Amino acid sequence: MPLSDLWKRKSPEEILRQNQRALNRTVRELERERGKLERQEKKIITDIKKMAKTGQMAAVRIMAKDLVRTRNHIKKFYLMKANIQAISLKLQTLRSQAAMATALKGVTKAIARMNSQMNLPQLQKIMMEFEREVN
């Protein structure tokens, strides 16, 4: 990044895009971590079954507590992902609203130009003549 970019102000569109990317990156990282936790959960379940077959009940109890903790973490990861996606949706809505505002701004300018170009008294005169010709 050149030094001149440090003093430039970023447009709201660029800031929104940057935040959207950060949120998408975070969602992917959460998915990756949740997948690791789910694999760990399966491993703990198989280890619990092995320990139970050999009769090591103290180890089974400890591993069962670890399994419960792992499942709670997985639930929290799902909740975090949902919250981040909700924030992402709000950002997308803001982006759409900003685009709509700029479009309406352009339309307003065009209408103002048209109003300034139209000569209302002359238009009324033409309409009156047309009405006389028709009747």
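What percentage of the 135 residues in the protein do buried residues make up? The answer is 15%, and the views below, all taken from a predicted model, fill in the rest.

**View 1. The whole chain is built from helices.** Look for 4 helices here, and don't hunt for strands, since there are 0. Starting at the N terminus, the elements run α-α-α-α. The radius of gyration comes out at 32 Å, while the globule rule gives 14 Å for 135 residues, so the protein is more spread out than a compact globule. Along the principal axes, the C-alpha atoms fill a box of roughly 105 × 55 × 15 Å.

**View 2. This one is about contacts and surface.** Take the contacts between residues at least 6 apart in sequence: 75% of them join residues at least 24 apart. As for the surface, the protein exposes about 11,500 Å². Carbon and sulfur atoms supply 60% of that area.

**View 3. Here come the charged side chains.** Count them up and you get 30 positive and 13 negative ones. The centres of these two sets sit 10 Å apart.

**View 4. Helix α4 covers residues 120-134.** Does α4 lie largely in the open or largely buried? Of its 15 residues, 0 are buried, so α4 lies largely in the open. Its length works out neatly too: at 1.5 Å a residue, the 15 residues of α4 should span 21 Å, and the end C-alpha atoms are indeed 21 Å apart, which agrees. While you follow the helix along, keep one thing in mind: an α-helix has 3.6 residues a turn, so residues three or four places apart point the same way.

How values were computed. Residues numbered from 1 in each chain as written. Predicted model: local features only at pLDDT ≥ 70, side-chain atom pairs only at ≥ 80, totals over all residues. Heavy atoms only, no water. Helix = DSSP H or I, 4+ residues; strand = E, 2+ residues; numbered from the N terminus. Rg over C-alpha atoms; globule rule 2.2 N^0.38 Å. Buried < 20%, exposed > 50% of the residue type's maximum accessible area, 1.4 Å probe, protein only. Contact = heavy atoms within 4.5 Å. Areas by Shrake-Rupley, 256 points an atom, 1.4 Å probe, with all protein chains shown as cover. Lys, Arg positive; Asp, Glu negative; His and termini not counted. Charge placed at Lys NZ, Arg CZ, Asp CG, Glu CD. Expected span 1.5 Å × (residues − 1).
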